[in-house]
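Here are my notes on the structure below, written as numbered points. Please read them with the model open beside you.

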Amino acid sequence: MNQLTVDLGERSYPILIGKGLLRQLPQQLAARGIEPRQTLFIVSDEHVAPLYLEQVVNGLEQAGYRCGYHIVPAGEQVKSLAYLEEITGKALEIGLDRNSVFLALGGGVIGDLTGFCAAAYMRGVPFVQIPTTLLAHDSSVGGKVAVNHPLGKNIIGAFHQPSLVLYDTETLTTLPKREIYAGFAEVLKHGLIWSESFTNWLSDNASSLLSLESPFIEEAIQQGCAIKAEVVSNDEREQGLRAILNLGHTFGHALEAISSYGGLIHGEAISIGMVAAALLAERIGLTKAEDRVAERTISLLKQYHLPVQLPSAFAIDDILAAMRHDKKGKDGKFVFVLPTAIGAVEIVENVDEADIIETLKICKE
Ligand code: NAD
Ligand code: MG
């Protein structure tokens with residue numbers, strides 16, 4: 001088992017990564033001081049629950065925990081106020097109190113939704129992340145929890161750190177291929193913002209990683225989480241540094257919003273967004289030509305079967321309009337995280353709209 005800590009004083013918590021860890025859930029909860037007198041409430045989705053819920057509930061009950069659960073449909077649309085209300089209703093029905101603990105069993109959607117429910121329920125109860133997608137190596141760490149508003153992604157949210165992240169890499173084997181590729185987008189992002197050597201390692205070991213081979217996959221998750229944990233430990237509430245985690249997200253969130261969170265999945269949208277960011281960086285002179293940042297970014301994303309071009313159905317005007325709604329905009333200006341090299345980024349304010357438009361044109365299919 002690999003172990004990391006997100007270092008946030010009294011809100012610090014461990015990230016445990018390893019094969020078969022679900023079986024250790026009861027003892028790991030106990031190690032975090034979560035005791036059988038506290039009722040547990042598991043939220044999962046209709047894809048994950050049939051695969052893993054019974055095992056989790058049985059293990060917990062055998063260890064003396066009482067647990068209820070609620071299953072929601074799969075997909076981004078459950079990150080909404082309607083599902084917050086539904087889950088809260090279920091929590092009240094089964095009598096959860098301030099000592100209860102929410103458990104998010106699923107991908108980033110379940111983690112964000114359950115975390116926000118936990119943040120709001122009776123003004124905040126603890127929660128545990130049990131990520132089951134590769135993408136969730138990112139979303140389960142750092143305490144950003146949210147639901148969407150029809151006008152923008154993650155607009156209604158909070159900072160609420162989990163008490164534990166327990167990552168059983170065996171669960172990844174049931175993921176559809178498309179979700180595996182999309183999950184790698186955030187792993188690659190962690191390399192691209194922070195470490196050229198990790199990025200090169202991801203490129204060199206792409207085939208082992210794509211087939212989820214041990215110990216490569218554990219190592220990739222560990223490195224990705226370690227980068228995220230370090231950034232979050234230095235800037236929990238995004239006063240500065242943490243914004244670098246948004247590489248590709250200004251464009252990416254806009255693409256997700258105009259495809260109504262349906263056409264492109266998150267990792268695919270940010271893959272295209274990271275290409276756009278690299279091209280924009282080259283255009284405004286942030287990178288050195290000999291570093292070939294855009295070219296290398298594109299070929300790395302292609303190794304992981306990720307999209308690198310803007311589908312022709314997306315109108316540039318619509319993308320710009322969606323970007324204006326995004327909360328990453330500051331005083332009406334566009335703020336971007338842009339690469340300066342492979343493994344290094346900068347936050348750039350005041351990017352000219354004309355440069356954005358030209359970049360998007362180059363990105364089009
Ligand atoms: P997801 O939770 O929708 O999971 C993707 C799909 O895989 C779903 O259909 C799900 O049912 C299915 N699935 C999950 N685990 C499975 C398994 N083990 N086997 C088979 N199927 C499985 O999406 P995601 O890609 O994990 O997460 C995307 C979300 O994460 C977005 O809403 C994004 O905004 C959010 N996110 C949040 C943060 C953060 O810091 N909070 C960071 C990155 C992304
Ligand atoms: Mg993301």
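1. Helix α4 contributes the most to the shell around ligand 1, giving three residues. Keep in mind throughout that the model is predicted.

2. Other elements also take part in this shell. Those that give two or more residues to the surroundings of ligand 1 are α2 (49-62), α4 (108-120), α5 (136-139), β8 (152-159) and α6 (177-194). Four of these labels are helices and β8 is a strand.

3. Which residues come nearest to ligand 1? Of the 28 residues around the ligand, they are D45, E76, G108, T133 and T174. Sorted by class, the shell holds eight nonpolar, ten polar and ten charged residues.

4. Some polar contacts of ligand 1 can be named. The side chain of D45 has an N or O atom 2.7 Å from an oxygen atom of the ligand. For H47, a polar side-chain atom is found 2.9 Å from an oxygen atom of ligand 1. With T171 the backbone is involved: one of its polar backbone atoms is 2.9 Å from a nitrogen atom of the ligand. On its own, ligand 1 has 870 Å² of accessible area, and the protein covers 91% of that.

5. Ligand 2 is a magnesium ion, and its protein donors are E186 (OE), H249 (NE2) and H266 (NE2). These donors lie 2.0 to 2.2 Å from the ion. Along the chain they follow the spacing E-x62-H-x16-H. Two of them, E186 in helix α6 and H266 in helix α11 (residues 266-283), are 80 residues apart, and the pair links distant parts of the chain. Note that α6 is also among the elements listed for the shell around ligand 1.

6. Are the donors E186 and H266 buried or exposed? E186 counts as buried because its relative accessibility is 1%, and buried means under 20%. H266, with a relative accessible area of 16%, is buried as well.

7. One more residue deserves a look, this time in helix α4: D112. Its relative accessibility is 11%, so D112 counts as buried. Leaving out residues up to four places away in sequence, D112 touches K79, S139, K144, V145, A146 and N154. Of these contacts, S139 falls within the range of α5 (136-139) and N154 within that of β8 (152-159).

Key. Residues are numbered from 1 along each chain as its sequence is written. Chains are lettered from A and ligands numbered from 1 in the order in which they are written. This is a predicted model: local features need pLDDT of at least 70, side-chain atom pairs count only at pLDDT 80 or more; totals for chains, interfaces and linings use all residues. Side-chain values use heavy atoms; hydrogens and water are left out. A residue is near a molecule or strand if one of its heavy atoms lies within 4 Å of it. A polar contact is a pair of N or O atoms within 3.5 Å; within protein, one must be able to donate a hydrogen and the other to accept it, and residues adjacent in sequence count only if both atoms are side-chain atoms. Accessible areas come from the Shrake-Rupley method with a 1.4 Å probe; for residues, only the protein chains shown count as cover. Helices (H or I, at least four residues) and strands (E, at least two) are DSSP runs, numbered from the N terminus. Ala, Val, Leu, Ile, Met, Phe, Trp, Tyr, Cys and Pro count as nonpolar, Asp, Glu, Lys and Arg as charged, and the others, Gly among them, as polar. Donors are N, O and S atoms within 2.8 Å of the metal (3.2 Å for Na, K and Ca); water is not among the atoms, so sites may look incomplete. Buried means under 20% relative accessible area, exposed over 50%, partly exposed in between (1.4 Å probe, protein chains only). Contact means heavy atoms within 4.5 Å.
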